[in-house]
Amino acid sequence: MKKLINSVDAIVTDTLRGVAAAHPSLRVDFENRVIYRRNAPHQGKVALVSGGGAGHEPLHGGFVGYGMLDAACPGEVFTSPVPDQMIEASKGVDGGAGVLHIVKNYTGDVLNFEMAAELCADEGIEVASVLVNDDVAVQDSLYTAGRRGTGATLFVEKIAGALAETGAPLAEVARLAQEVNERSRSFGVALSAGTVPAAGKPTFDLSDTEIELGIGIHGEPGRTRTTHREAREIARLAMDAVNDDVPLSGDTLVLLNGMGGTPLLELYIVYGEVAAYLEEKGARAVRCLVGNYVTSLDMQGFSVSVCRLTDELTRLWDAPVETAALRWGR
Amino acid sequence: MDTSFFLAWIKEAATAVQAERDHLTQLDAAIGDADHGANLDRGFAAVRQVLADTPPQTPGAVLVQAGSALIRKVGGASGPLYGTAFRQMGRALGEAPEVTPADLVTALEAAQEGVQKLGGAAEGDKTLVDAFAPAVRALAQAVQDGANLEDALQTATAAAEEGARATVPLQARKGRASYLGPRSVGHKDPGAASTALIFAALRRAAGPA
(Lines give C-alpha, C1' and ligand atoms only; values in the text may rest on other atoms or scores of the structure.)
Protein backbone atom coordinates (compact mmCIF):
# COMPACT_ATOMS: atom_id res chain seq x y z
CA MET A 1 0.00 0.00 0.00
CA LYS A 2 1.38 3.38 -1.02
CA LYS A 3 -0.67 6.31 0.24
CA LEU A 4 -0.10 9.97 1.09
CA ILE A 5 -0.86 9.59 4.78
CA ASN A 6 1.01 10.25 8.01
CA SER A 7 -0.48 7.30 9.84
CA VAL A 8 -3.53 5.11 9.40
CA ASP A 9 -5.00 6.24 12.71
CA ALA A 10 -4.67 9.95 11.92
CA ILE A 11 -6.34 9.94 8.49
CA VAL A 12 -9.57 11.70 9.42
CA THR A 13 -7.91 14.20 11.75
CA ASP A 14 -5.25 15.08 9.20
CA THR A 15 -7.87 15.43 6.45
CA LEU A 16 -9.84 17.83 8.63
CA ARG A 17 -6.68 19.86 9.24
CA GLY A 18 -6.22 20.21 5.52
CA VAL A 19 -9.87 21.14 4.97
CA ALA A 20 -9.63 23.84 7.66
CA ALA A 21 -6.44 25.22 6.15
CA ALA A 22 -7.81 25.22 2.59
CA HIS A 23 -11.27 26.70 3.18
CA PRO A 24 -11.58 29.77 5.38
CA SER A 25 -15.34 29.77 4.69
CA LEU A 26 -15.60 26.63 6.84
CA ARG A 27 -15.15 26.10 10.55
CA VAL A 28 -13.85 22.73 11.67
CA ASP A 29 -14.52 21.34 15.14
CA PHE A 30 -11.67 18.84 15.48
CA GLU A 31 -12.77 17.41 18.79
CA ASN A 32 -16.28 16.52 17.64
CA ARG A 33 -15.31 16.08 14.00
CA VAL A 34 -17.82 18.42 12.44
CA ILE A 35 -17.37 20.72 9.43
CA TYR A 36 -19.59 23.84 9.70
CA ARG A 37 -20.26 26.89 7.58
CA ARG A 38 -18.16 29.55 9.28
CA ASN A 39 -21.21 31.72 10.05
CA ALA A 40 -23.62 28.96 11.19
CA PRO A 41 -26.29 28.99 12.56
CA HIS A 42 -28.55 31.02 10.29
CA GLN A 43 -31.57 32.25 12.22
CA GLY A 44 -34.88 31.18 10.71
CA LYS A 45 -33.35 28.93 8.04
CA VAL A 46 -33.85 25.17 8.01
CA ALA A 47 -30.39 23.66 8.51
CA LEU A 48 -29.12 20.66 6.57
CA VAL A 49 -26.80 18.15 8.21
CA SER A 50 -25.31 15.12 6.55
CA GLY A 51 -22.57 12.72 7.36
CA GLY A 52 -21.10 9.39 6.51
CA GLY A 53 -17.86 7.50 6.49
CA ALA A 54 -14.73 9.23 5.23
CA GLY A 55 -13.34 8.11 1.89
CA HIS A 56 -16.10 9.60 -0.30
CA GLU A 57 -14.66 13.12 -0.60
CA PRO A 58 -15.77 15.68 -1.57
CA LEU A 59 -18.99 14.16 -0.11
CA HIS A 60 -20.04 15.50 2.46
CA GLY A 61 -17.67 18.17 3.76
CA GLY A 62 -17.07 19.55 0.27
CA PHE A 63 -20.78 20.35 0.05
CA VAL A 64 -20.94 22.52 3.17
CA GLY A 65 -21.66 26.15 2.30
CA TYR A 66 -24.25 28.54 0.93
CA GLY A 67 -27.04 26.72 -0.93
CA MET A 68 -26.17 23.24 0.33
CA LEU A 69 -25.26 21.78 3.74
CA ASP A 70 -24.86 23.67 7.01
CA ALA A 71 -22.70 20.97 8.56
CA ALA A 72 -21.19 17.57 7.80
CA CYS A 73 -19.82 14.91 10.12
CA PRO A 74 -17.23 12.48 8.78
CA GLY A 75 -16.82 9.08 10.39
CA GLU A 76 -13.77 6.88 10.11
CA VAL A 77 -13.01 5.59 6.61
CA PHE A 78 -16.18 3.87 5.33
CA THR A 79 -17.67 3.89 8.85
CA SER A 80 -20.68 5.97 9.74
CA PRO A 81 -20.12 8.79 12.20
CA VAL A 82 -21.38 8.40 15.77
CA PRO A 83 -24.51 10.02 17.28
CA ASP A 84 -22.44 12.47 19.37
CA GLN A 85 -21.11 14.10 16.19
CA MET A 86 -24.56 14.41 14.64
CA ILE A 87 -26.05 15.87 17.82
CA GLU A 88 -23.21 18.39 18.09
CA ALA A 89 -23.63 19.32 14.41
CA SER A 90 -27.42 19.69 14.77
CA LYS A 91 -27.06 21.91 17.85
CA GLY A 92 -24.46 24.02 16.08
CA VAL A 93 -26.56 24.75 13.01
CA ASP A 94 -30.12 24.93 14.36
CA GLY A 95 -31.38 28.45 13.70
CA GLY A 96 -34.76 27.71 15.23
CA ALA A 97 -36.37 26.38 12.04
CA GLY A 98 -35.31 22.78 12.54
CA VAL A 99 -32.69 20.49 11.07
CA LEU A 100 -32.90 18.06 8.14
CA HIS A 101 -30.69 14.99 8.44
CA ILE A 102 -29.71 13.61 5.05
CA VAL A 103 -28.91 9.93 5.56
CA LYS A 104 -27.57 7.46 3.03
CA ASN A 105 -29.29 4.11 3.40
CA TYR A 106 -26.68 1.91 5.08
CA THR A 107 -27.43 0.03 8.29
CA GLY A 108 -24.77 1.88 10.27
CA ASP A 109 -25.67 5.36 9.05
CA VAL A 110 -29.37 4.73 9.64
CA LEU A 111 -28.88 3.39 13.19
CA ASN A 112 -26.55 6.20 14.25
CA PHE A 113 -28.70 8.95 12.73
CA GLU A 114 -31.84 7.46 14.33
CA MET A 115 -30.20 7.55 17.74
CA ALA A 116 -29.02 11.11 17.11
CA ALA A 117 -32.49 12.27 16.00
CA GLU A 118 -34.04 10.88 19.20
CA LEU A 119 -31.47 12.59 21.38
CA CYS A 120 -31.87 15.87 19.44
CA ALA A 121 -35.61 15.73 20.10
CA ASP A 122 -34.82 15.34 23.82
CA GLU A 123 -32.85 18.57 23.58
CA GLY A 124 -35.68 20.41 21.88
CA ILE A 125 -34.27 20.44 18.34
CA GLU A 126 -36.80 19.63 15.65
CA VAL A 127 -35.29 17.05 13.28
CA ALA A 128 -36.63 15.55 10.07
CA SER A 129 -34.74 12.87 8.18
CA VAL A 130 -34.57 11.88 4.54
CA LEU A 131 -33.17 8.53 3.50
CA VAL A 132 -31.33 8.41 0.19
CA ASN A 133 -31.61 5.04 -1.56
CA ASP A 134 -31.00 5.46 -5.28
CA ASP A 135 -28.81 2.48 -6.19
CA VAL A 136 -30.66 0.16 -8.55
CA ALA A 137 -27.97 -2.55 -8.25
CA VAL A 138 -29.61 -3.70 -5.03
CA GLN A 139 -32.70 -5.32 -6.41
CA ASP A 140 -34.60 -7.25 -3.85
CA SER A 141 -35.42 -4.94 -0.97
CA LEU A 142 -37.22 -7.60 1.08
CA TYR A 143 -34.07 -9.67 1.37
CA THR A 144 -31.48 -6.93 1.66
CA ALA A 145 -30.83 -3.89 3.81
CA GLY A 146 -32.53 -1.98 0.99
CA ARG A 147 -31.09 0.13 -1.79
CA ARG A 148 -27.92 2.01 -1.00
CA GLY A 149 -27.59 5.77 -1.03
CA THR A 150 -25.01 6.85 -3.61
CA GLY A 151 -24.76 9.64 -6.22
CA ALA A 152 -28.28 11.01 -5.68
CA THR A 153 -27.11 12.23 -2.27
CA LEU A 154 -25.47 15.14 -4.11
CA PHE A 155 -28.77 15.96 -5.87
CA VAL A 156 -30.68 15.86 -2.58
CA GLU A 157 -28.15 18.04 -0.77
CA LYS A 158 -28.02 20.62 -3.57
CA ILE A 159 -31.72 20.90 -4.33
CA ALA A 160 -33.00 20.73 -0.74
CA GLY A 161 -30.23 23.15 0.25
CA ALA A 162 -31.41 25.64 -2.37
CA LEU A 163 -34.98 25.39 -1.10
CA ALA A 164 -33.85 25.89 2.50
CA GLU A 165 -32.13 29.16 1.49
CA THR A 166 -35.52 30.53 0.40
CA GLY A 167 -36.82 30.23 3.97
CA ALA A 168 -39.08 27.23 3.27
CA PRO A 169 -40.23 25.35 6.39
CA LEU A 170 -38.72 22.02 7.51
CA ALA A 171 -41.62 19.85 6.34
CA GLU A 172 -41.42 21.32 2.85
CA VAL A 173 -37.64 20.95 2.61
CA ALA A 174 -37.95 17.34 3.79
CA ARG A 175 -40.70 16.61 1.30
CA LEU A 176 -38.69 18.01 -1.59
CA ALA A 177 -35.58 16.09 -0.50
CA GLN A 178 -37.70 12.93 -0.57
CA GLU A 179 -39.03 13.80 -4.02
CA VAL A 180 -35.49 14.28 -5.39
CA ASN A 181 -34.53 10.88 -4.02
CA GLU A 182 -37.59 9.21 -5.52
CA ARG A 183 -36.88 10.75 -8.92
CA SER A 184 -33.25 9.58 -8.92
CA ARG A 185 -31.57 6.31 -9.82
CA SER A 186 -27.91 5.28 -9.88
CA PHE A 187 -25.66 2.41 -10.95
CA GLY A 188 -21.91 1.92 -10.45
CA VAL A 189 -19.15 0.00 -12.23
CA ALA A 190 -15.61 -0.71 -10.98
CA LEU A 191 -12.46 -1.51 -12.94
CA SER A 192 -10.49 -2.03 -9.73
CA ALA A 193 -11.21 -1.94 -5.99
CA GLY A 194 -10.00 0.75 -3.66
CA THR A 195 -7.62 0.14 -0.78
CA VAL A 196 -8.96 0.84 2.72
CA PRO A 197 -5.89 2.12 4.60
CA ALA A 198 -6.58 0.00 7.70
CA ALA A 199 -6.80 -3.15 5.55
CA GLY A 200 -3.75 -2.26 3.44
CA LYS A 201 -4.82 -4.07 0.30
CA PRO A 202 -7.66 -3.78 -2.23
CA THR A 203 -11.00 -5.01 -0.88
CA PHE A 204 -11.46 -7.27 -3.88
CA ASP A 205 -9.31 -8.37 -6.80
CA LEU A 206 -10.18 -7.89 -10.44
CA SER A 207 -7.96 -9.13 -13.23
CA ASP A 208 -7.13 -6.92 -16.23
CA THR A 209 -9.94 -8.51 -18.19
CA GLU A 210 -12.71 -8.19 -15.60
CA ILE A 211 -15.04 -5.46 -14.35
CA GLU A 212 -17.44 -5.45 -11.41
CA LEU A 213 -21.04 -4.35 -11.98
CA GLY A 214 -23.36 -2.87 -9.39
CA ILE A 215 -20.73 -1.75 -6.91
CA GLY A 216 -21.42 0.46 -3.93
CA ILE A 217 -19.21 3.19 -2.53
CA HIS A 218 -17.60 1.24 0.33
CA GLY A 219 -15.40 -1.12 -1.61
CA GLU A 220 -17.91 -3.92 -1.21
CA PRO A 221 -17.96 -6.18 -4.25
CA GLY A 222 -20.82 -5.73 -6.70
CA ARG A 223 -23.59 -8.07 -7.77
CA THR A 224 -21.81 -9.60 -10.73
CA ARG A 225 -18.51 -9.72 -12.50
CA THR A 226 -18.15 -9.65 -16.25
CA THR A 227 -15.52 -9.22 -18.94
CA HIS A 228 -14.04 -5.81 -19.59
CA ARG A 229 -15.19 -4.17 -22.81
CA GLU A 230 -15.47 -0.86 -24.67
CA ALA A 231 -16.64 2.23 -22.76
CA ARG A 232 -19.71 2.37 -25.00
CA GLU A 233 -20.83 -1.09 -23.92
CA ILE A 234 -20.06 -0.52 -20.25
CA ALA A 235 -22.04 2.73 -20.30
CA ARG A 236 -24.91 0.84 -21.89
CA LEU A 237 -24.86 -1.87 -19.17
CA ALA A 238 -25.09 0.84 -16.51
CA MET A 239 -27.77 2.85 -18.26
CA ASP A 240 -29.82 -0.26 -19.05
CA ALA A 241 -29.89 -1.03 -15.32
CA VAL A 242 -31.19 2.48 -14.61
CA ASN A 243 -33.66 2.47 -17.50
CA ASP A 244 -34.99 -0.98 -16.60
CA ASP A 245 -35.84 0.32 -13.14
CA VAL A 246 -37.55 3.52 -14.28
CA PRO A 247 -37.84 4.21 -18.00
CA LEU A 248 -35.94 7.39 -18.85
CA SER A 249 -37.79 10.25 -20.48
CA GLY A 250 -37.97 14.02 -20.55
CA ASP A 251 -35.46 16.39 -19.00
CA THR A 252 -32.88 14.84 -16.72
CA LEU A 253 -30.03 15.85 -14.46
CA VAL A 254 -27.07 13.49 -14.83
CA LEU A 255 -24.09 12.95 -12.53
CA LEU A 256 -21.28 11.04 -14.23
CA ASN A 257 -19.29 10.40 -11.10
CA GLY A 258 -15.72 9.15 -10.85
CA MET A 259 -15.00 6.69 -8.02
CA GLY A 260 -11.70 8.39 -7.19
CA GLY A 261 -9.13 6.61 -9.33
CA THR A 262 -10.33 7.24 -12.88
CA PRO A 263 -9.06 10.12 -15.06
CA LEU A 264 -11.51 12.80 -16.14
CA LEU A 265 -10.63 11.90 -19.71
CA GLU A 266 -12.28 8.52 -19.28
CA LEU A 267 -15.23 9.98 -17.38
CA TYR A 268 -15.94 12.29 -20.33
CA ILE A 269 -15.76 9.34 -22.72
CA VAL A 270 -18.38 7.56 -20.63
CA TYR A 271 -20.47 10.73 -20.34
CA GLY A 272 -20.57 11.05 -24.13
CA GLU A 273 -21.99 7.52 -24.30
CA VAL A 274 -24.50 8.25 -21.53
CA ALA A 275 -25.75 11.40 -23.29
CA ALA A 276 -26.16 9.44 -26.54
CA TYR A 277 -28.03 6.69 -24.69
CA LEU A 278 -30.45 9.21 -23.21
CA GLU A 279 -31.11 10.72 -26.64
CA GLU A 280 -31.79 7.26 -28.03
CA LYS A 281 -34.43 6.78 -25.30
CA GLY A 282 -36.03 10.14 -26.05
CA ALA A 283 -34.67 11.76 -22.89
CA ARG A 284 -32.30 14.72 -22.56
CA ALA A 285 -29.53 15.58 -20.13
CA VAL A 286 -30.36 19.25 -19.64
CA ARG A 287 -28.02 19.57 -16.65
CA CYS A 288 -24.97 17.50 -15.83
CA LEU A 289 -21.91 17.14 -13.67
CA VAL A 290 -18.84 15.14 -14.72
CA GLY A 291 -16.15 14.52 -12.12
CA ASN A 292 -15.24 12.99 -8.79
CA TYR A 293 -18.01 13.85 -6.31
CA VAL A 294 -19.06 10.69 -4.45
CA THR A 295 -15.89 8.67 -4.41
CA SER A 296 -14.72 5.40 -2.93
CA LEU A 297 -11.08 6.10 -2.05
CA ASP A 298 -8.91 5.14 -5.05
CA MET A 299 -11.38 2.82 -6.73
CA GLN A 300 -11.30 2.95 -10.52
CA GLY A 301 -14.66 3.21 -12.18
CA PHE A 302 -17.73 5.39 -12.30
CA SER A 303 -21.30 5.65 -11.21
CA VAL A 304 -24.04 7.30 -13.17
CA SER A 305 -26.98 8.98 -11.44
CA VAL A 306 -30.02 10.29 -13.25
CA CYS A 307 -32.72 12.52 -11.77
CA ARG A 308 -35.89 13.13 -13.75
CA LEU A 309 -36.35 16.88 -13.45
CA THR A 310 -39.37 19.09 -12.95
CA ASP A 311 -39.31 22.86 -13.52
CA GLU A 312 -39.04 23.37 -9.77
CA LEU A 313 -36.11 20.98 -9.44
CA THR A 314 -34.31 22.55 -12.42
CA ARG A 315 -34.73 26.03 -10.93
CA LEU A 316 -33.40 24.90 -7.55
CA TRP A 317 -30.49 23.04 -9.16
CA ASP A 318 -29.56 26.29 -10.96
CA ALA A 319 -29.83 28.37 -7.77
CA PRO A 320 -26.55 29.78 -6.42
CA VAL A 321 -24.25 27.49 -4.47
CA GLU A 322 -20.91 28.18 -2.86
CA THR A 323 -19.12 25.17 -1.37
CA ALA A 324 -15.63 23.73 -1.67
CA ALA A 325 -16.71 21.32 -4.41
CA LEU A 326 -19.67 22.99 -6.14
CA ARG A 327 -19.97 26.68 -6.84
CA TRP A 328 -21.96 28.71 -9.31
CA GLY A 329 -24.31 31.66 -9.64
CA ARG A 330 -22.86 33.74 -6.85
CA MET B 1 -20.77 -12.77 39.70
CA ASP B 2 -19.76 -9.33 41.00
CA THR B 3 -18.49 -6.08 39.51
CA SER B 4 -14.97 -7.45 39.12
CA PHE B 5 -16.31 -10.41 37.13
CA PHE B 6 -17.88 -8.08 34.59
CA LEU B 7 -14.78 -5.89 34.45
CA ALA B 8 -12.80 -9.06 33.77
CA TRP B 9 -15.23 -9.95 30.96
CA ILE B 10 -14.73 -6.57 29.30
CA LYS B 11 -10.96 -6.92 29.63
CA GLU B 12 -11.02 -10.42 28.14
CA ALA B 13 -13.27 -9.23 25.31
CA ALA B 14 -11.01 -6.26 24.57
CA THR B 15 -7.95 -8.51 24.50
CA ALA B 16 -9.67 -11.02 22.21
CA VAL B 17 -10.89 -8.34 19.82
CA GLN B 18 -7.42 -6.83 19.66
CA ALA B 19 -5.83 -10.23 18.99
CA GLU B 20 -8.41 -11.05 16.30
CA ARG B 21 -8.58 -7.53 14.87
CA ASP B 22 -7.02 -8.41 11.52
CA HIS B 23 -8.97 -11.64 11.21
CA LEU B 24 -12.28 -9.83 11.76
CA THR B 25 -11.30 -7.18 9.26
CA GLN B 26 -10.40 -9.84 6.68
CA LEU B 27 -13.78 -11.54 7.18
CA ASP B 28 -15.40 -8.13 6.66
CA ALA B 29 -13.31 -7.45 3.55
CA ALA B 30 -14.85 -10.51 1.90
CA ILE B 31 -18.48 -9.44 2.25
CA GLY B 32 -18.47 -5.99 3.83
CA ASP B 33 -16.21 -3.02 4.00
CA ALA B 34 -13.06 -4.24 5.74
CA ASP B 35 -13.34 -2.35 9.01
CA HIS B 36 -15.03 -4.58 11.60
CA GLY B 37 -11.86 -5.51 13.49
CA ALA B 38 -10.50 -1.97 13.50
CA ASN B 39 -13.81 -0.50 14.64
CA LEU B 40 -14.42 -2.96 17.48
CA ASP B 41 -10.82 -2.68 18.63
CA ARG B 42 -11.16 1.10 18.78
CA GLY B 43 -14.47 0.72 20.61
CA PHE B 44 -13.21 -1.68 23.28
CA ALA B 45 -10.12 0.48 23.82
CA ALA B 46 -12.52 3.37 24.49
CA VAL B 47 -14.56 1.17 26.84
CA ARG B 48 -11.50 0.26 28.90
CA GLN B 49 -10.55 3.93 29.10
CA VAL B 50 -14.02 4.92 30.33
CA LEU B 51 -14.08 2.12 32.92
CA ALA B 52 -10.64 3.16 34.17
CA ASP B 53 -11.58 6.85 34.35
CA THR B 54 -14.87 6.40 36.19
CA PRO B 55 -14.82 2.99 37.89
CA PRO B 56 -18.36 1.60 38.05
CA GLN B 57 -19.67 0.21 41.34
CA THR B 58 -22.13 -2.43 40.12
CA PRO B 59 -22.22 -5.07 37.37
CA GLY B 60 -25.07 -3.14 35.74
CA ALA B 61 -23.03 0.06 35.69
CA VAL B 62 -20.06 -1.73 34.06
CA LEU B 63 -22.27 -2.87 31.21
CA VAL B 64 -24.19 0.39 30.76
CA GLN B 65 -20.95 2.38 30.66
CA ALA B 66 -19.39 -0.11 28.25
CA GLY B 67 -22.42 0.04 25.96
CA SER B 68 -22.53 3.82 25.96
CA ALA B 69 -18.84 4.02 25.08
CA LEU B 70 -19.34 1.60 22.17
CA ILE B 71 -22.24 3.68 20.84
CA ARG B 72 -20.19 6.86 21.15
CA LYS B 73 -16.94 5.57 19.67
CA VAL B 74 -17.45 2.78 17.16
CA GLY B 75 -19.82 4.10 14.51
CA GLY B 76 -21.04 1.85 11.72
CA ALA B 77 -23.70 -0.71 12.56
CA SER B 78 -21.66 -2.61 15.12
CA GLY B 79 -21.36 0.39 17.48
CA PRO B 80 -25.09 0.88 18.05
CA LEU B 81 -25.78 -2.88 17.99
CA TYR B 82 -23.12 -4.01 20.48
CA GLY B 83 -23.63 -0.81 22.45
CA THR B 84 -27.32 -1.55 22.76
CA ALA B 85 -26.60 -5.16 23.76
CA PHE B 86 -24.35 -4.13 26.67
CA ARG B 87 -26.65 -1.29 27.74
CA GLN B 88 -29.73 -3.53 27.78
CA MET B 89 -27.85 -6.14 29.80
CA GLY B 90 -26.77 -3.48 32.26
CA ARG B 91 -30.27 -2.09 32.59
CA ALA B 92 -31.70 -5.55 33.16
CA LEU B 93 -29.24 -6.11 36.01
CA GLY B 94 -30.23 -2.85 37.69
CA GLU B 95 -28.38 -1.92 40.89
CA ALA B 96 -27.74 -5.48 42.07
CA PRO B 97 -24.21 -5.97 43.46
CA GLU B 98 -24.28 -9.72 42.71
CA VAL B 99 -25.55 -11.48 39.61
CA THR B 100 -26.80 -15.07 39.60
CA PRO B 101 -26.57 -17.28 36.51
CA ALA B 102 -30.34 -16.89 36.10
CA ASP B 103 -29.94 -13.08 36.19
CA LEU B 104 -27.24 -13.36 33.53
CA VAL B 105 -29.60 -15.32 31.29
CA THR B 106 -32.33 -12.70 31.75
CA ALA B 107 -29.88 -9.89 30.98
CA LEU B 108 -28.57 -11.61 27.85
CA GLU B 109 -32.13 -12.20 26.67
CA ALA B 110 -32.82 -8.47 27.12
CA ALA B 111 -29.63 -7.72 25.15
CA GLN B 112 -30.68 -10.01 22.30
CA GLU B 113 -34.13 -8.44 22.20
CA GLY B 114 -32.59 -4.95 22.07
CA VAL B 115 -30.26 -5.89 19.23
CA GLN B 116 -33.02 -7.52 17.20
CA LYS B 117 -35.37 -4.60 17.74
CA LEU B 118 -32.74 -2.09 16.66
CA GLY B 119 -31.29 -3.98 13.71
CA GLY B 120 -34.40 -5.84 12.64
CA ALA B 121 -32.50 -9.07 12.03
CA ALA B 122 -33.85 -12.56 12.65
CA GLU B 123 -31.87 -15.77 12.96
CA GLY B 124 -30.72 -16.93 9.53
CA ASP B 125 -30.17 -13.40 8.17
CA LYS B 126 -26.38 -13.89 8.49
CA THR B 127 -25.76 -11.41 11.27
CA LEU B 128 -24.42 -11.45 14.81
CA VAL B 129 -27.86 -12.71 15.90
CA ASP B 130 -26.93 -16.11 14.41
CA ALA B 131 -24.27 -16.50 17.10
CA PHE B 132 -26.02 -14.55 19.86
CA ALA B 133 -29.38 -16.31 19.84
CA PRO B 134 -28.14 -19.93 20.07
CA ALA B 135 -25.62 -18.92 22.74
CA VAL B 136 -28.35 -17.37 24.90
CA ARG B 137 -30.60 -20.40 24.37
CA ALA B 138 -27.80 -22.81 25.29
CA LEU B 139 -26.94 -20.82 28.39
CA ALA B 140 -30.57 -20.68 29.52
CA GLN B 141 -30.93 -24.43 29.07
CA ALA B 142 -27.68 -25.22 30.88
CA VAL B 143 -28.57 -22.96 33.81
CA GLN B 144 -32.03 -24.49 34.00
CA ASP B 145 -30.45 -27.95 34.02
CA GLY B 146 -28.36 -26.92 36.99
CA ALA B 147 -24.95 -26.80 35.33
CA ASN B 148 -22.23 -24.86 37.14
CA LEU B 149 -21.33 -21.43 35.76
CA GLU B 150 -18.14 -22.50 33.96
CA ASP B 151 -19.88 -25.38 32.19
CA ALA B 152 -22.93 -23.31 31.31
CA LEU B 153 -20.74 -20.59 29.77
CA GLN B 154 -18.68 -23.24 27.97
CA THR B 155 -21.89 -24.55 26.40
CA ALA B 156 -22.95 -21.03 25.43
CA THR B 157 -19.56 -20.32 23.85
CA ALA B 158 -19.67 -23.54 21.86
CA ALA B 159 -23.15 -22.63 20.63
CA ALA B 160 -21.98 -19.14 19.61
CA GLU B 161 -19.02 -20.57 17.73
CA GLU B 162 -21.19 -23.15 16.01
CA GLY B 163 -23.72 -20.41 15.15
CA ALA B 164 -20.96 -18.29 13.63
CA ARG B 165 -19.66 -21.24 11.57
CA ALA B 166 -23.20 -21.92 10.39
CA THR B 167 -23.40 -18.46 8.81
CA VAL B 168 -20.94 -19.54 6.11
CA PRO B 169 -23.50 -21.10 3.74
CA LEU B 170 -26.15 -18.45 4.41
CA GLN B 171 -27.09 -15.59 2.08
CA ALA B 172 -27.09 -12.28 3.92
CA ARG B 173 -30.42 -10.50 4.28
CA LYS B 174 -29.33 -7.65 6.55
CA GLY B 175 -26.41 -5.27 6.68
CA ARG B 176 -23.87 -4.46 4.02
CA ALA B 177 -23.28 -8.08 3.02
CA SER B 178 -26.87 -8.26 1.80
CA TYR B 179 -25.92 -6.05 -1.17
CA LEU B 180 -23.94 -8.98 -2.52
CA GLY B 181 -26.96 -11.22 -2.81
CA PRO B 182 -25.91 -14.83 -3.51
CA ARG B 183 -22.24 -13.80 -3.50
CA SER B 184 -22.40 -13.43 0.28
CA VAL B 185 -22.68 -17.24 0.49
CA GLY B 186 -19.49 -19.07 1.48
CA HIS B 187 -18.18 -16.48 3.97
CA LYS B 188 -18.46 -16.33 7.73
CA ASP B 189 -20.34 -13.29 9.01
CA PRO B 190 -17.86 -10.99 10.80
CA GLY B 191 -20.47 -9.88 13.36
CA ALA B 192 -21.28 -13.47 14.28
CA ALA B 193 -17.54 -14.14 14.57
CA SER B 194 -17.02 -11.23 16.97
CA THR B 195 -20.05 -12.28 19.01
CA ALA B 196 -18.47 -15.71 19.44
CA LEU B 197 -15.28 -14.00 20.67
CA ILE B 198 -17.26 -12.00 23.23
CA PHE B 199 -19.00 -15.14 24.56
CA ALA B 200 -15.63 -16.91 24.77
CA ALA B 201 -14.38 -13.92 26.77
CA LEU B 202 -17.34 -14.31 29.13
CA ARG B 203 -16.39 -17.95 29.62
CA ARG B 204 -12.80 -16.99 30.45
CA ALA B 205 -13.99 -14.37 32.94
CA ALA B 206 -15.46 -17.25 34.94
CA GLY B 207 -12.03 -18.84 35.39
CA PRO B 208 -9.58 -21.08 33.51
CA ALA B 209 -11.08 -23.80 31.34
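Among the contacts in chain B of this predicted model that join residues at least 6 apart in sequence, 64% link residues at least 24 apart. The chain in which these contacts are found comprises 9 helices and 0 strands, and its elements, followed from the N terminus, accordingly read α-α-α-α-α-α-α-α-α. For chain B the radius of gyration comes to 16 Å, close to the 17 Å that the globule rule gives for 209 residues, so the chain is as compact as a globular protein of that length. The C-alpha trace of chain B extends over about 45 × 40 × 30 Å along its principal axes, and 63% of the 209 residues in the chain are classed as buried.

Chain A, by comparison, is described in terms of its domains. The chain is divided into domain 1, which is made up of the segments 8-183 and 318-328, and domain 2, which covers 184-309. Between the C-alpha centres of these two domains of chain A the separation is 23 Å, and the contact between them involves 25 residues of domain 1 and 30 residues of domain 2. On the side of domain 1 that touches domain 2, at least two residues each are supplied by helix H4 (152-165) and by helix H5 (170-182) of chain A, with H4(A) providing the largest share, namely 4 residues. In terms of residue character, this side of domain 1 of chain A consists of 13 nonpolar, 7 polar and 5 charged residues.

A further contact is the one formed between the two chains, to which chain A gives 30 residues and chain B gives 27 residues. On the side of chain A that touches chain B, the elements that contribute two or more residues are strand E5 (71-77), helix H2 (83-93) and helix H3 (107-122) of chain A. The largest share of this side, 5 residues, is drawn from H3(A). When the residues on the side of chain A that touches chain B are sorted by character, 14 are nonpolar, 11 are polar and 5 are charged.

Taken by element, then, the side of domain 1 of chain A that touches domain 2 draws its largest share from H4(A), whereas on the side of chain A that touches chain B the largest share is that of H3(A). Charged residues number 5 on the side of domain 1 that touches domain 2 of chain A, and 5 charged residues are likewise counted on the side of chain A that touches chain B.

Conventions: Residues are numbered from 1 along each chain as its sequence is written. Chains are lettered from A and ligands numbered from 1 in the order in which they are written. This is a predicted model: local features need pLDDT of at least 70, side-chain atom pairs count only at pLDDT 80 or more; totals for chains, interfaces and linings use all residues. Domain bounds come from an automatic or database domain assignment. Two residues are in contact if their C-beta atoms, placed from the backbone, lie within 7 Å. Ala, Val, Leu, Ile, Met, Phe, Trp, Tyr, Cys and Pro count as nonpolar, Asp, Glu, Lys and Arg as charged, and the others, Gly among them, as polar. The radius of gyration is taken over C-alpha atoms; the globule rule is 2.2 Å times the number of residues to the power 0.38. A residue is buried if 20 or more other C-beta atoms lie within 10 Å of its own, exposed if 12 or fewer, and partly exposed in between; C-beta atoms are placed from the backbone.
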